[in-house]
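I opened this notebook to record what I looked up in the structure, going from the whole chain to single side chains.

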Amino acid sequence: MNYPKIAKELLSLLGGKSNITALAHCATRLRLAVADQDKIDEQAIDNLEGVKGQFKVAGQYQIIFGSGIVNQVYAELAKLTEMTEMTEMSTNDVASAGADNQNILQRAVKGLSDIFVPIIPAIVAGGLLMGIYNLLTAQGLFIDGKSLIDANPGLTDLANMINTFANAPFVYLPILLAFSASKKFGGNPYLGAALGMLMVHPDLLNGWGFGGASVSGSIPVWNILGFEIEKVGYQGSVLPVLVSAFILAKVELGLRKVIPSVLDNLLTPLLAIFVTGLLTFTVVGPFTRDIGFLLGDGLNWLYNSAGFIGGAVFGLIYAPFVITGMHHSFIAIETQLLADIATTGGTFIFPIAAMSNVSQGAAALAVGFMSKDKKMKGIAIPSGVTGLLGITEPAMFGVNLKLRYPFIAAVCAAAVSSAFITMFNVKAQALGAAGIPGIISISPEKIGYYVVGMIIAFVTAFALTVVLGLRERNKQNIKATA
């Protein structure tokens with residue numbers, strides 16, 4: 001493959017060097033922000049050697065080349081731009097450059113994504129460790145009437161250690177969130193971390209004990225000049241931390257404008273933490289904590305009350321949400337559901353996302369097996385496999401949306417399989433790859449239903465794609481002979 005030639009042709013089809021405002025790449029895709037998207041010749045790019053698909057999302061223009069190839073094309077394209085700083089851009093830089101092309105809703109979703117995506121590895125690590133702990137302690141999962149630690153008592157302390165490791169990211173979630181959110185809002189992330197530490201200080205009543213203490217009337221308080229402030233922590237909280245981190249950043253930035261520079265490093269951190277901490281425990285925390293409880297309870301009520309119909313609707317709309325990028329907003333909801341797992345039982349969003357991903361992968365595989373076009377076959381089969389593993393962009397944008405009928409088949413299959421797993425209340429206890437590898441994230445007693453759901457998703461999507469594909473082929477044959 002002649003990478004310099006491909007890059008040169010691609011640059012021309014993108015509207016020239018002057019039209020590119022940001023350039024980066026991820027594992028499979030070239031990611032760009034452009035000044036004028038109307039200058040892009042999408043049809044010609046689609047026929048360019050090595051291109052497996054293209055799409056626009058969140059103000060960005062992305063071209064799928066596949067693993068390995070994208071690195072080579074990126075390197076050559078970066079040389080042709082003759083802009084050294086462009087070669088050092090990250091995908092976040094491209095996302096920021098593309099933000100000018102987003103509407104208010106897209107910017108809000110991007111903001112949530114920018115806060116939660118950096119902390120996902122910690123949440124995933126904790127969640128998967130929790131899954132391993134559940135596998136060790138689940139009764140009857142591997143041995144009839146016993147757990148693995150019942151059969152092997154020597155594993156008891158190992159299980160307890162794993163449980164401690166698993167809980168840590170959720171117990172101290174406010175620190176992670178406050179650090180990331182403060183950075184996003186323009187404040188000092190280390191001040192944000194200090195605020196997060198303040199919200200989970202061991203002198204406070206543990207946030208998970210708040211419900212019981214409020215019923216018994218035993219909530220400890222600070223009594224300041226006759227004014228009582230509840231000494232309650234915010235372990236596992238999301239919304240109170242986000243709002244408090246936003247206030248902290250704005251207070252800090254405001255103070256830096258009025259405090260003389262000679263006193264800035266002393267007074268700004270002191271006043272920012274004190275003012276924000278006071279607001280957090282008197283107004284912001286109690287109010288947003290109640291909203292968070294209502295949101296979590298409301299989502300679970302909707303999920304449990306709507307039954308398989310609600311699951312089917314969610315499965316049907318999940319892939320369209322991915323197209324718009326709005327699925328990133330679910331991360332905040334899932335984090336709250338997992339943080340309050342003792343009450344919620346986990347997140348129902350992850351299993352439904354997995355059903356959607358498997359459906360998209362199966363539809364792409366069906367196209368690959370049916371297609372006589374070598375290029376389409378070469379794109380569809382590998383992207384279908386990655387879709388089954390939880391990475392759907394190549395399948396969705398490179399194959400299914402391009403042909404339309406596989407996408408229709410996939411969303412229908414996602415609806416059917418999501419309705420099935422909803423009937424059996426399948427929930428995940430961790431985040432991870434929403435597909436076949438997601439088995440380890442599922443509650444042990446529901447793994448069987450999860451696997452059956454994936455089989456339903458695969459078979460339904462594959463079969464529907466074949467049927468709709470044959471119908472589409474017959475239509476084209478009729479038009480050709482007319």
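**Whole chain**

I began with the surface: the protein chain has an accessible area of about 22,400 Å², and 64% of this belongs to carbon and sulfur atoms. I note that the model is a predicted one. I then looked up the secondary structure and found 20 helices and six strands in the protein chain. For burial, I read that 48% of the 482 residues of the protein chain count as buried. I also checked the contacts in the protein chain between residues at least 6 apart in sequence, and 71% of these join residues at least 24 apart.

**Salt bridges**

I next asked how many salt bridges there are by the rule applied here. The count comes to four.

I looked at Asp46 and Lys402, which form a salt bridge whose closest N and O atoms are 3.0 Å apart. Because Asp46 belongs to helix 2 (residues 42-46) and Lys402 to helix 18 (residues 393-403), the pair ties together parts that are 356 residues apart in sequence. I checked both ends for exposure: Asp46 is partly exposed, with a relative accessible area of 21%, and Lys402 is also partly exposed, with a value of 36%. For Asp46 I kept in mind that buried means under 20%, so a value of 21% puts Asp46 in the partly exposed class.

I then turned to Glu76 and Lys79, whose side chains meet in a salt bridge at 3.7 Å, N to O. Both residues lie in helix 3 (residues 69-81), three residues apart, which is about one turn of the helix. Is each end buried or exposed? Glu76 counts as buried at 18% relative accessibility, whereas Lys79 is exposed, with a relative accessible area of 57%.

I also looked up Asp264, which forms a salt bridge with Arg256, the closest N and O atoms being 2.6 Å apart. Salt bridges that share partners join Glu252, Arg256 and Asp264 into one network. Within this network I find Asp264 buried, at 13% relative accessibility, and Arg256 partly exposed, at 31%.

**Aromatic rings**

I went on to the aromatic pairs, of which the structure holds ten. One of them is formed by Phe424 and Tyr449, and I record it as stacked, with 4.2 Å centre to centre and 10 degrees between the planes. Phe424 lies in the loop between helix 19 (405-423) and helix 20 (447-481), and Tyr449 in helix 20, so the pair ties together parts that are 25 residues apart in sequence. On accessibility, I noted Phe424 as partly exposed at 30% and Tyr449 as partly exposed at 32%.

**Phe281 and its surroundings**

My last entry concerns Phe281, which I located in helix 13 (residues 261-324). Phe281 counts as buried, at 8% relative accessibility. What does Phe281 touch, not counting residues up to four places away in sequence? I listed Leu198, Met199, Leu204, Trp222, Ile229, Glu230, Val232, Tyr234 and Pro286. Two of these names returned when I looked up aromatic clusters, since Trp222, Tyr234 and Phe281 form one cluster. I also took the C-alpha separation of Phe281 and Ser244, which are 37 residues apart along the chain, and it comes to 9.7 Å.

Technical notes: Residues numbered from 1 in each chain as written. Predicted model: local features only at pLDDT ≥ 70, side-chain atom pairs only at ≥ 80, totals over all residues. Heavy atoms only, no water. Helix = DSSP H or I, 4+ residues; strand = E, 2+ residues; numbered from the N terminus. Buried < 20%, exposed > 50% of the residue type's maximum accessible area, 1.4 Å probe, protein only. Contact = heavy atoms within 4.5 Å. Areas by Shrake-Rupley, 256 points an atom, 1.4 Å probe, with all protein chains shown as cover. Phe/Tyr/Trp six-rings, centres within 6.5 Å; stacked < 30°, edge-to-face > 60°.
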